[in-house]
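Trainee: Got a minute to walk me through this model? I'd like to start with the overall picture and then zoom in.

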Amino acid sequence: MRTPVTIIGAGLGGLTLARVLHVHGIPATVYEADASPSARAQGGMLDIHDYNGQLALEAAGLMDEFRSIVLEGRQAMRVIDRDGTVVFEEADDGTGGRPEALRGELRRILLESLPAGTVRWGHKVSGTRALGEGRHEVAFADGTTAVTGLLVGADGAWSRVRPLLTTATPEYTGTSCVETYLYEADTRHPAAAKTVGGGSMMAPSPGREIFAHRESGDTLHVYVMLSRPQDWFAASDFTDAAAVTTRIAAEFDGWAPELTSLITDSDTAPVLRSFHALPAELRWDRVPGVTLLGDAAHLQAPNGEGANLAMLDGAELGKALAAHPDDVEAALTEYEQAMFPRSAEVATFEGAELKGIDSEDNTAHGLLNMINKKGQ
């Protein structure tokens, strides 16, 4: 393949693409806004599914490396009612298809699998423009530019590459998340640690829910979901951790104290994450020399599939380019025709059938009913 591949974004999707291209002897350059691999935290646990994320890792030749970073026992799951009653529990017997690993560790093994210099750190994209005949120019915040015959936007929700293909922009879903961490939980926060257990814990309720995950060691990573307008969150000063924690906890008045302690006993300042999404069936006409993958192409509210889909996008695009080394447009067409329906039709476990967080069925017993129906 003679066309250089330029990838914007060193997330899991962009790095998977770069790795699969490398496996097939196709060079690529990845431009990333972060100054270094350690410039910022990389998020929490990911369950890597055997029907998409693991397929991507197999294409990348990294399954052994992936197995080395899997945290055993983290597929255990329990569902808890707001009064603290456990209504469902499933142990991790090692046979599940969704082993858990830390996002940062997954990114590390992808980075280590690439030739030195593949990722150009500290390159924040300020804009892109078409030059004609499938060529594009990428402008960076430092004033430099790069011209490419094949541009891939793997640059997430607020992609700077997406405007080359569509005018669609992410819209607020109506739900935001406040993240907290409890460290040394088994000794310092024993009630909360016992409630969460060895894997994940879900406590759903209409308009609000608490999700927690045991990460490496005895760290609990907590996600507090609230269905509120963005103005409601903007009214809180997130530099005042105590005030924000008190306000968020008040939304769970009457809940079991071992659940609300996951909010009030945080060892870190609460962090706000607002959820946005692109139209579920977003499509665009084929534009020569450019495409998208992952959140840049099909941003959804968190559902357990985002990272997996991004990695599969990267792997499938890499394989298509390798299969059509002399016809980039054929490769991009093949990739997009498969990617569009795959991202639109993805089925998720995390409450999709309960019709969202605001549904009156979004309760522990509603989730239990859904689990039982799936089992049948």
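Trainee: What's the radius of gyration of the protein chain, and what would a compact globule have?

Mentor: This is a predicted model, to be clear. The protein chain comes out at 21 Å, and a compact globule of 376 residues would sit near 21 Å, so the two agree. The C-alpha trace spans about 65 × 45 × 35 Å along its principal axes.

Trainee: How many of the 376 residues count as buried, as a percentage?

Mentor: 52% of them count as buried. As for contacts with a separation of 6 or more, 71% are between residues 24 or more positions apart.

Trainee: And how many helices and strands are there?

Mentor: The chain has 13 helices and 17 strands.

Trainee: Let's pick one strand. Is β14 mostly covered or open?

Mentor: Mostly covered: β14 runs over residues 208–214, and five of its seven residues are buried.

Trainee: Which way does β13 run relative to β14, parallel or antiparallel?

Mentor: Antiparallel, with six bridges joining β13, residues 200–205, to β14. One of the pairings puts S205 with R208 of β14 as its bridge partner. The hairpin has two residues between the strands, and G207 takes a positive phi near 85° there.

Trainee: OK, and how many bridges pair β14 with β15?

Mentor: Seven, again in the antiparallel sense, with β15 covering residues 220–227. A212 stands opposite V222 in β15, for example. That hairpin has five residues between its strands, and G217 in the turn has a positive phi of about 65°.

Trainee: Switching topic: where does R74 lie?

Mentor: R74 is in the loop between α3 (63–69) and β4 (77–80).

Trainee: Is R74 buried or exposed?

Mentor: R74 is buried, yet it has no salt bridge.

Trainee: Hm, which side chain of opposite charge is nearest to R74, then?

Mentor: That's D92, 7.4 Å away. A salt bridge here needs a side-chain nitrogen within 4 Å of a carboxyl oxygen, so D92 doesn't make one with R74.

Trainee: So what does the R74 side chain reach at 2.7 Å?

Mentor: The backbone oxygen of E215.

Trainee: What else does R74 touch?

Mentor: Leaving out residues up to four places away in sequence, the R74 contacts include M45, D92 and E100, then G198, G199 and S200. Also among them are H213, R214, E215, S216 and G217. You've met a few of these already: S200 is in β13, residues 200–205, H213 and R214 are in β14, residues 208–214, and G217 is in the turn between β14 and β15.

Methods:
Residues are numbered from 1 along each chain as its sequence is written. This is a predicted model: local features need pLDDT of at least 70, side-chain atom pairs count only at pLDDT 80 or more; totals for chains, interfaces and linings use all residues. Side-chain values use heavy atoms; hydrogens and water are left out. Buried means under 20% relative accessible area, exposed over 50%, partly exposed in between (1.4 Å probe, protein chains only). Helices (H or I, at least four residues) and strands (E, at least two) are DSSP runs, numbered from the N terminus. Two strands pair if DSSP finds at least two bridges between them. Lys and Arg count as positive and Asp and Glu as negative; His and the chain ends are not counted. A polar contact is a pair of N or O atoms within 3.5 Å; within protein, one must be able to donate a hydrogen and the other to accept it, and residues adjacent in sequence count only if both atoms are side-chain atoms. Contact means heavy atoms within 4.5 Å. The radius of gyration is taken over C-alpha atoms; the globule rule is 2.2 Å times the number of residues to the power 0.38.
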